[in-house]
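Student: I've just opened this one and don't know my way around yet. Could you take me through one part slowly, and then show me what sits around that part?

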Amino acid sequence: MSVLIVTGTDTGIGKTVFAAGLAGALGAHYWKPIQAGVDPEGDKESVAALSGLPATHILPEAFRLATPASPHLAARIDGVAIGLDQLALPQVDGPLVVEGAGGVLVPISETLLMADLFAHWGQPVILCARTGLGTINHSLLSIEALRARGVRVAGIAFIGEAHDENERIIPQLAGVSSLGRLPHLDRLNPTALAAAFAAHIRLPEYFNDR
């Protein structure tokens, strides 16, 4: 089983769309372990609609929380305790794409951050970053936080309008591979996403032959 974790520099930057494109390109299973906020739907439903994957490849969350908030707060409001023992990676045939919640240092509990969970899993991470103002700082801080915990950064994927300088300087300063830039799509559907992903995103080297 090959695992790729998709995380972001922030919430709402398009990492769910990227995860859907990645899972579809790999023919992978998709798993979002912690969903906080399900009105009108969760990320799992978005990926099911956009990835082109069969329903059997969209795995149920370990925690599906009603409140749209940081997982630690949503869990508290919902009266749920989140622990590492409940967040083991599911075993599937073939690749598994795992999507984190929010950014790298989002708290899962009073003592556990999202990056700590990635370190516990010991699997490579793709960092999704917006291209606009502020992304240099957010991207470099996110990569430092991951590396401080021994998490391997498989690459950075930009999302949004082209910004040549940001797309150049961040990988150079961070010493990570750029996987390309996924542009905003006027029509977001499985066909358009698959075409944009194939045209603009390079998979990490160890997935190229899969």
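What volume does the largest pocket have?

Tutor: Keep in mind as we go that this is a predicted model. The largest pocket comes out at about 380 Å³. It is lined by 25 residues, and those closest to its centre are Thr11, Gly12, Lys15, Lys32 and Asp43. Try finding those five on your screen before reading on.

Next, see which elements build the lining. Helix H1 (15–26), strand E3 (34–36) and strand E5 (96–103) are the ones that give two or more residues to it. E5 supplies the largest share, with 4 residues. As for chemistry, the lining splits into 9 nonpolar, 9 polar and 7 charged residues.

Now let's follow those elements outwards, starting with H1. Phe18 sits in helix H1, and its aromatic partner Phe197 sits in helix H7 (residues 190–200), 179 residues apart, so to speak a link between distant parts of the chain. The two rings are 5.2 Å apart centre to centre, with 50 degrees between the planes, and that makes the pair tilted. Both Phe18 and Phe197 are buried. The structure holds 3 aromatic pairs, and there is also one aromatic cluster, formed by Trp31, Phe118 and Trp121.

That cluster takes us to helix H4 (residues 114–121), where Phe118 and Trp121 are buried along with Met114, Ala115 and Leu117. Looking down the axis of H4, you'd find these buried residues within an arc of 155 degrees, so they line one face of the helix. A bit of background helps here: an α-helix has 3.6 residues a turn, so residues three or four places apart point the same way. What does the buried side of H4 pack against? Strand E1 (3–8), strand E2 (29–31), our pocket-lining E5, strand E6 (125–130) and helix H5 (135–148). Just past the end of H4, Gly122 takes a positive phi of about 70 degrees.

Val151 is a good residue to click on while you're around H4. You'll find Val151 in the loop between H5 and strand E7 (153–159). Val151 counts as buried because its relative accessibility is 6%, and the cut-off for buried is under 20%. Setting aside residues up to four places away in sequence, Val151 touches Ala115, Phe118, Ala119, Gln123, Val125 and Leu146. Val151 and Ala115 are 36 residues apart along the chain, yet their C-alpha atoms are separated by 8.0 Å.

E1 came up as one of the packing partners of H4, and Gly8 is found in that strand. With a relative accessible area of 0%, Gly8 is buried. Beyond its neighbours within four places in sequence, Gly8 is in contact with Ile13, Lys15, Gly102, Gly103, Val104, Leu127 and Cys128. You've met Lys15 already: it was one of the residues closest to the pocket centre. Gly8 and Ala129 are 121 residues apart along the chain, and 6.0 Å separates their C-alpha atoms.

Back to E5 and E3, this time from the side of helix H3 (71–78). In H3, the buried residues are Pro71, Ala74 and Ala75. They cover an arc of only 100 degrees around the axis, which puts them on the same side of H3. This buried side packs against E3, strand E4 (63–65) and E5, while the face turned away from it carries the exposed residues Arg76 and Ile77. Just after H3 comes Gly79, with a positive phi of about 75 degrees.

If you carry on from H3 towards E5, the loop between them holds Asp85. Asp85 counts as exposed because its relative accessibility is 71%. The C-alpha atoms of Asp85 and Ala62 are separated by 11 Å, with their places 23 residues apart along the chain.

One last stop, on the far end of E3's loop: Pro40 is placed between E3 and helix H2 (43–50). The peptide bond from Asp39 to Pro40 is cis, with omega near 5 degrees. Pro40 is exposed, at a relative accessible area of 76%. From Pro40 to Glu99 you'd count 59 residues in sequence, and their C-alpha atoms are 19 Å apart in space.

Terms used
Residues numbered from 1 in each chain as written. Predicted model: local features only at pLDDT ≥ 70, side-chain atom pairs only at ≥ 80, totals over all residues. Heavy atoms only, no water. 1 Å grid on protein atoms, 1.4 Å probe; cavity = no way out; pocket = protein on both sides within 12 Å on 5 of 7 lines; lining within 4 Å. Points joined across faces, edges and corners; volume = space filled by probe spheres on them. Nonpolar A, V, L, I, M, F, W, Y, C, P; charged D, E, K, R; others polar. Phe/Tyr/Trp six-rings, centres within 6.5 Å; stacked < 30°, edge-to-face > 60°. Buried < 20%, exposed > 50% of the residue type's maximum accessible area, 1.4 Å probe, protein only. Arc of directions from axis to C-beta. Contact = heavy atoms within 4.5 Å.
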